[in-house]
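These are my notebook entries on one chain, written down in the order in which I looked things up.

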Amino acid sequence: MLVFFSNLILVIFLTLVFLLIVIILSTIKINIKYINKNYKVIIKLYLLNKIRYLKLELDKNKLKEIFIKVKNKIEKANYKKVEKEIYQDRKVIKNVVKKLKIDLEYLDLDLRIGTEFILLTSVIIVTISTIFPIIANEFIRKYEKRKYNYKFTPIYNKNDINLQLDCIISTKMVHIINVIISIIFKKGVFKNVRTSNTRFNDNCYE
């Protein structure tokens with residue numbers, strides 16, 4: 001009996017070690033699709049960024065269920081206290097995002113915005129066209145022109161917003177584990193992590 005439990009413990013230990021190694025060597029990829037107010041999120045896990053071993057697809061209804069559950073939990077908590085803590089920890093949140101080293105692998109964006117005022121519409125389009133590439137650039141690790149397309153189109157004399165989005169973002173599980181450990185022990189979350197410079201302005205057009 002003692003030998004049996006010893007072997008069982010060994011098997012459990014080796015299994016946990018194997019799972020830990022798999023997780024550390026894994027990459028999580030999230031595909032977000034939004035077309036005509038219908039949206040879904042596809043989550044995939046890859047071993048060594050090559051072998052897919054898990055796929056989870058969340059459609060509009062499932063995402064709404066998750067949102068409602070999260071909303072209910074927030075309402076039960078002290079919302080003002082949580083809001084205050086988030087406001088005070090903006091720098092921490094910013095650095096956590098950097099430490100995640102998120103990679104924008106693919107982007108196909110078509111955004112059409114319109115107002116009743118021509119001048120206001122033009123200002124909005126110009127502003128978005130200027131700011132968006134700067135933000136997106138921070139999340140691109142390896143730029144390939146064919147993988148990144150976006151378009152901002154004005155709609156004049158009409159209040160309207162039309163969005164079509166298909167993008168893939170990814171990060172290594174080891175970065176997520178690192179962030180979790182940093183948050184738990186409150187260590188290293190203020191350290192700046194620089195991202196590589198890439199070119200993203202070539203595909204911007206109106």
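I started with Ile 124, which I placed in helix α5 of what is a predicted model. Its relative accessibility came out at 25%, and because buried would require under 20% and exposed over 50%, I entered Ile 124 as partly exposed. Leaving aside residues up to four places away in sequence, I found that Ile 124 touches Ile 113 and Thr 115. I also took the C-alpha separation between Ile 124 and Gly 114, which are 10 residues apart along the chain, and noted 8.9 Å.

I then looked at helix α5 as a whole, and asked which of its residues are buried. The list I wrote down is Thr 121, Ile 125, Ser 129, Pro 133, Ala 136 and Asn 137. For its length, I noted that α5 has 20 residues and reaches 29 Å from its first C-alpha to its last, close to the 28 Å expected at 1.5 Å a residue.

I made the corresponding check on helix α6, residues 173-185, where 13 residues at 1.5 Å a residue should span 18 Å, and the end C-alpha atoms are indeed 18 Å apart, so the two values agree. The buried residues that I recorded for α6 are Met 173, His 175, Val 179 and Ser 182.

Next I turned to the largest nonpolar core, which has 13 residues, and I listed those with the most contacts inside it as Leu 104, Leu 107, Leu 109, Tyr 148, Phe 152, Leu 165 and Cys 167. I traced the elements giving two or more residues to this core, and they are β4 (103-115), α5 (118-137), β5 (148-156) and β6 (160-172). The largest share of the core, 5 residues, comes from β4. I added a reminder that in soluble globular proteins nonpolar side chains tend to be buried together.

With that reminder in mind, I looked for nonpolar side chains on the surface, and found a patch formed by Leu 10, Phe 13, Leu 14, Val 17, Leu 20, Ile 21, Ile 24, Leu 25, Leu 48 and Val 174, with about 870 Å² of accessible area together. Which helix gives the most to this patch? I noted helix α1, residues 2-24, with 7 residues. Leu 10 has its place in α1, and I entered Leu 10 as partly exposed because its relative accessibility is 46%.

Leu 48, another member of the patch, I located in the loop between β2 (38-47) and β3 (51-58). Leu 48 has a relative accessible area of 55%, and I therefore wrote it down as exposed. I marked its backbone as well, since most residues other than glycine have a negative phi. For Leu 48, phi is near 55°, a positive value.

Lys 101 gave me another entry of this kind, with phi near 50°, positive in a residue other than glycine. I placed Lys 101 in the loop between α4 (90-100) and β4, and, given a relative accessible area of 37%, I recorded Lys 101 as partly exposed.

I closed with the whole chain, for which I counted 6 helices and 7 strands, following the pattern α-β-β-β-α-α-α-β-α-β-β-α-β along the sequence. Of its 206 residues, 24% count as buried, and the chain exposes about 15,400 Å², of which carbon and sulfur atoms supply 64%. Among contacts between residues at least 6 apart in sequence, I noted that 72% join residues at least 24 apart.

Terms used: Residues are numbered from 1 along each chain as its sequence is written. This is a predicted model: local features need pLDDT of at least 70, side-chain atom pairs count only at pLDDT 80 or more; totals for chains, interfaces and linings use all residues. Side-chain values use heavy atoms; hydrogens and water are left out. Patches are made of residues with over 30% relative accessible area and no salt bridge: like charges are joined within 9 Å, nonpolar side chains (Val, Leu, Ile, Met, Phe, Trp, Tyr) within 5 Å. Accessible areas come from the Shrake-Rupley method with a 1.4 Å probe; for residues, only the protein chains shown count as cover. A salt bridge is a side-chain nitrogen of Lys or Arg within 4 Å of a carboxyl oxygen of Asp or Glu. Helices (H or I, at least four residues) and strands (E, at least two) are DSSP runs, numbered from the N terminus. Buried means under 20% relative accessible area, exposed over 50%, partly exposed in between (1.4 Å probe, protein chains only). A nonpolar core is a set of buried Ala, Val, Leu, Ile, Met, Phe, Trp, Tyr and Cys residues joined through side-chain atoms within 4.5 Å. The expected span of a helix is 1.5 Å times one less than its number of residues. Contact means heavy atoms within 4.5 Å.
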